[in-house]
Amino acid sequence: MLFVLAEIKLRTGMFSIEEKMQNISSHKHFILSGFEELGELRPVLFIPFFLMFIVALLANSLLVYVVISQRSLHQPMSILIAGMACVELCLPVFFVPNMLLNLLFDWKGISLIGCLVQMHFIHFFGAFQTTFLVWMALDRYFAICTPLSYHELMALQRFLKFIIPLAVRNMLLITLFVSFAGKLSFCRNVMNHCFCEHMALVELACGSTTINSLAGLMAIFFIPVFDFFVITASYTLIFSSALRSSSSGVKALHTCITHIIVLTFSLTLALIAFLSYRVKSELPEAIRVFFSTMYLLFPSCFNPIIYGIRTTEIRQHMLKTLTHWAH
């Protein structure tokens with residue numbers, strides 16, 4: 001889903017003929033000018049983004065610590081939830097600190113190498129947000145539709161056949177379009193964003209960006225779109241099975257509702273961010289940058305809280321851990 005934001009405006013990737021004809025050396029340093037329209041109010045954004053960053057770090061760190069330290073939570077679903085928390089712990093680390101320095105101290109510069117590295121990690125960890133939801137959906141499918149074979153199917157040796165292909169897919173596709181972006185020549189160096197996104201960087205390039213558009217569209221189709229269809233198919237089979245067995249219906253709803261909430265919020269944020277790009281001419285640039293930033297940052301704050309509240313075993317151990325630390 002993250003890549004939908006990165007490709008909306010790369011349909012043709014063509015700049016003006018005059019610009020192509022100019023012999024302009026490629027820029028190697030860029031200026032991140034997101035929220036520039038706010039003027040003197042721009043530093044005020046440091047406060048909410050800093051608070052969200054702290055919440056994301058603390059909530060995800062606590063969730064990971066609780067799952068690792070409690071042997072009773074060493075179960076497939078709890079481990080997957082901890083893995084998701086690791087992703088949402090790492091994702092903001094690669095762009096929020098730089099963004100906060102930009103907002104507070106007006107430190108806007110970033111090199112091409114730094115931009116590409118930041119872009120790679122943002123999209124790489126962003127891709128695993130939907131991939132972990134796929135693995136969680138498979139876990140629920142095995143638990144509810146094939147309960148007698150659940151432990152056998154979720155054994156690490158068996159489940160690796162679902163983990164390795166998707167992880168390799170994410171790595172290859174992200175590396176592909178980031179590498180293509182790094183080979184471009186850039187006629188402009190002012191990026192209207194607070195961090196390096198694929199689309200934001202490629203828009204600054206000279207000449208054709210068709211191959212970048214195709215690489216990005218491949219990533220869109222093979223990562224978030226593919227993951228969405230797998231998740232949808234899994235939950236369709238789960239609820240079909242629940243309808244045929246009234247005794248398991250309540251269990252199916254209880255065990256799946258948390259993942260459905262997370263998926264719904266992710267899709268809603270993706271849709272809002274997508275529309276903010278489509279109606280860009282009618283929206284202030286600051287609104288577009290805000291939505292694309294919240295698309296990445298808000299789930300890192302929201303998801304660990306939801307999993308901590310709705311997963312009984314994790315909630316109980318988190319409360320015990322906090323109580324122990326308080327004393």
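Helices are taken here as DSSP runs of H or I with at least four residues, numbered from the N terminus. I note at the outset that the model is predicted.

**Entry: second largest pocket**

I looked up the second largest pocket, which encloses about 190 Å³ of space. I listed its lining as Pro76, Ile79, Leu80, Phe132, Trp135, Met154, Ala155, Leu156, Phe159 and Ile163. I then asked which helices supply at least two residues each to this lining. They are H4, helix H6 (112-145) and helix H8 (156-182). Sorting the lining by class, I recorded ten nonpolar residues, with no polar and no charged ones.

**Entry: H3 against H4**

I turned next to H4 (residues 76-93) and its packing on H3 (residues 46-69). The angle between the two is about 150°, and their axes lie 9 Å apart. An angle over 145 degrees counts as roughly antiparallel, and H3 and H4 are therefore roughly antiparallel to each other. I recorded the crossing of H3 past H4 as left-handed. From H3, I listed Phe53, Ala56, Leu57, Asn60, Ser61, Leu63, Val64 and Val67 in the contact. Their partners in H4 are Ser78, Ile79, Ile81, Ala82, Ala85, Cys86, Glu88, Leu89, Pro92 and Val93. By class, this contact of H3 with H4 comprises 14 nonpolar, three polar and one charged residue. I noted that Ile79 appears in the contact with H3 and also in the lining of the second largest pocket.

**Entry: H3 against H12**

I followed H3 to H12, where the axes come within 8 Å and cross at roughly 35°. This crossing, too, I entered as left-handed. On the H3 side I found Phe49, Met52, Val55, Ala56, Ala59, Asn60 and Leu63. They meet Phe290, Thr293, Met294, Leu297, Phe298, Ser300, Cys301, Pro304 and Ile305 of H12. The contact of H3 with H12 divides into 13 nonpolar, three polar and no charged residues. Ala56, Asn60 and Leu63 of H3 are among the residues that meet H12, and I had already listed these three in the contact with H4.

**Entry: second largest cavity**

I asked how many cavities of 30 Å³ or more the structure holds. There are two. The second largest cavity has a volume of about 30 Å³. I recorded its lining as Val262, Phe265, Ser266, Leu269, Phe298, Pro299, Phe302 and Asn303. Helix H11 (246-278) and helix H12 (285-310) each contribute at least two of the lining residues. Six of the residues lining this cavity are nonpolar and two are polar, and none is charged. I noted Phe298 in this lining and again in the contact of H12 with H3.

**Entry: H12 against H13**

Last, I examined H12 with helix H13 (residues 312-326), which pack at about 100° with axes 5 Å apart. Angles from 65 to 115 degrees count as roughly perpendicular, so H12 is roughly perpendicular to H13. I listed Tyr307, Gly308, Ile309 and Arg310 on the H12 side, and Thr312, Ile314, Arg315 and Met318 on the H13 side. I counted this contact of H12 with H13 by class as four nonpolar, two polar and two charged residues.

Terms used. Residues numbered from 1 in each chain as written. Predicted model: local features only at pLDDT ≥ 70, side-chain atom pairs only at ≥ 80, totals over all residues. Heavy atoms only, no water. Axes fitted to C-alpha atoms, helices over the stretch in contact; angles between N-to-C directions. Parallel < 35°, antiparallel > 145°, perpendicular 65-115°, else oblique. Left-handed = near helix turned anticlockwise from the far one by under 90°. Contact = heavy atoms within 4.5 Å. Nonpolar A, V, L, I, M, F, W, Y, C, P; charged D, E, K, R; others polar. 1 Å grid on protein atoms, 1.4 Å probe; cavity = no way out; pocket = protein on both sides within 12 Å on 5 of 7 lines; lining within 4 Å. Points joined across faces, edges and corners; volume = space filled by probe spheres on them.
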